[in-house]
Amino acid sequence: MPKSGQKSLLRALRGEAITPPPVWLMRQAGRYLPEYRDVRRKAGGFLELCYTPEMAVEVTLQPIRRYGFDAAILFSDILVIPDGLGQPVRFEEGEGPKLDPIRDTAGLAQLSDERMHDRLAPVYETVRRLSQALPQEVTLIGFAGAPWTVATYMVEGGSSRDFAVTRAWSLSDPEGFGRLIDIVTAATADYLCRQIEAGAEAIQLFDSWAGVLPDDAFQRWVIEPNARIVSALKERFPDIPVIGFPRGAGVLYERYIEQTAVDAVSLDTTVPLSWAAERLQPKVTVQGNLDPQVLLAGGAALEHRAREIVATLGHGPFIFNLGHGIIKETPPENVAQLLDIIRGSEKN
Ligand code: CP3
């Protein structure tokens, strides 16, 4: 085993500029791959897939075998935290996640971390098996949802367009809503420590709905909980890099970086490349941010944009990724085309 410091993705996370840049894609395991759909069919439910190490390992490895990405991301979901805390999650075909919503402080009584690690033990087992099974140059990324994003699902009872109930609770009773955020923050920090103990070499925090909050609420519900999680992880595992993904944060990406102490930020599709190069990259490693629609389109549009991203961000610490998860209709051959473009990029 080489020193983990020699893995290209970890080197980029420690601040090195690498040519060609390391690459992985959010949702690289998933429904755009026929081999994923086969395992998914056999698993029955989506959570059964997440909680069965044999199958979760298999779908994590599928995109590594097919494309040779520089990182594998644990196959799981951000909603295993509410599920582990005692708010059961169901995934209904074509409808996304469903939970019985928690809408006030009385609803918090059902949440407990007492049995959480038993429920989530299969996830830790998946991480352990992956750290054995992965090729030695591939970095194993663990992850969790950030508290605000996870809380929106817990309060709305599923996906939402406007997060009206969550925002209303956070505004009318910030203390009560803050207790929910505190519960999720503590559980998430614990959960991530266990992933690291099991072999995760880097962590990504997904705050997919950070971008709906005005700056004062962003401070309280995004920056503060993310900072608390980073600090809890760093206290125990100072050498494990953390990537934050406050999707849609806009100019607040800067404050997020300064105040959370993340090692890297994942840029969403809307972040201008030159602004990221000037304002963000001098402070942290940046990751991103190809529009998943461009990957879906493929062809000349993909070639042009992928090259532009590498040309603008590739001179500093950089990891190539999408600006959000892969779209399920994406032709698998477009992903192969993307890797050819990036890995040929040192010649341009
Ligand atoms: O390859 C990977 O990136 C690792 C696995 C992963 C999944 N979800 C698998 C998954 C990761 C990192 C996630 C994160 C996640 N889950 C987020 C944050 C990132 C983002 O996309 O913004 C969020 C918001 C969720 C919650 C979630 N999970 C929703 C809303 C849905 C339903 C929507 C859909 O696409 O069906 C899921 C289901 C889910 N999570 C699937 C996968 C592969 C599809 C389920 C299936 O196979 O039937």
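How many residues surround the ligand, and which are the closest? In this predicted model, the ligand is surrounded by 23 residues, and the closest of them are Arg-27, Arg-31, Tyr-36, Asp-77 and Ser-208. Sorted by class, the residues of this shell comprise 13 nonpolar, 6 polar and 4 charged ones.

Several polar contacts join oxygen atoms of the ligand to the protein, and the table lists them with their distances.

| Residue | Part of the residue that holds the N or O atom | Distance to an oxygen atom of the ligand |
|---|---|---|
| Arg-27 | backbone | 2.6 Å |
| Arg-40 | side chain | 2.8 Å |
| His-324 | side chain | 2.7 Å |

Arg-27 thus appears both among the closest residues of the shell and as a residue whose backbone N or O atom lies 2.6 Å from a ligand oxygen. The side chains of Arg-40 and His-324 likewise each place an N or O atom beside an oxygen atom of the ligand, at 2.8 Å for Arg-40 and at 2.7 Å for His-324. Taken alone, the ligand would expose 880 Å², and the protein buries 89% of that area.

The place where the ligand sits is the largest pocket. Two elements, α2 (34-43) and β3 (96-99), give two or more residues each to the shell around the ligand. The pocket itself has a volume of about 1200 Å³ and a lining of 37 residues, among which Arg-27, Arg-31, Phe-46, Asp-77 and Phe-91 lie nearest its centre. At least two residues of this lining come from each of α2, β2 (89-92) and β3, and by class the lining is made up of 19 nonpolar, 10 polar and 8 charged residues. Arg-27, Arg-31 and Asp-77, which are listed among the residues closest to the ligand, are also listed among those nearest the centre of the pocket.

Two features of the backbone also deserve a note. The peptide bond that leads from Thr-19 to Pro-20 is cis, with an omega near -10°, and Pro-20 belongs to the loop that runs between α1 (8-13) and α2. Phe-163, a residue other than glycine, has a positive phi, near 55°, and is found in the loop between α8 (147-156) and α9 (164-172).

Conventions:
Residues numbered from 1 in each chain as written. Predicted model: local features only at pLDDT ≥ 70, side-chain atom pairs only at ≥ 80, totals over all residues. Heavy atoms only, no water. Near = heavy atom within 4 Å. Polar contact = N/O pair within 3.5 Å; in protein donor to acceptor, adjacent residues only side chain to side chain. Areas by Shrake-Rupley, 256 points an atom, 1.4 Å probe, with all protein chains shown as cover. 1 Å grid on protein atoms, 1.4 Å probe; cavity = no way out; pocket = protein on both sides within 12 Å on 5 of 7 lines; lining within 4 Å. Sits in = over half its atoms within 2 Å of the grid points. Helix = DSSP H or I, 4+ residues; strand = E, 2+ residues; numbered from the N terminus. Nonpolar A, V, L, I, M, F, W, Y, C, P; charged D, E, K, R; others polar. Points joined across faces, edges and corners; volume = space filled by probe spheres on them.
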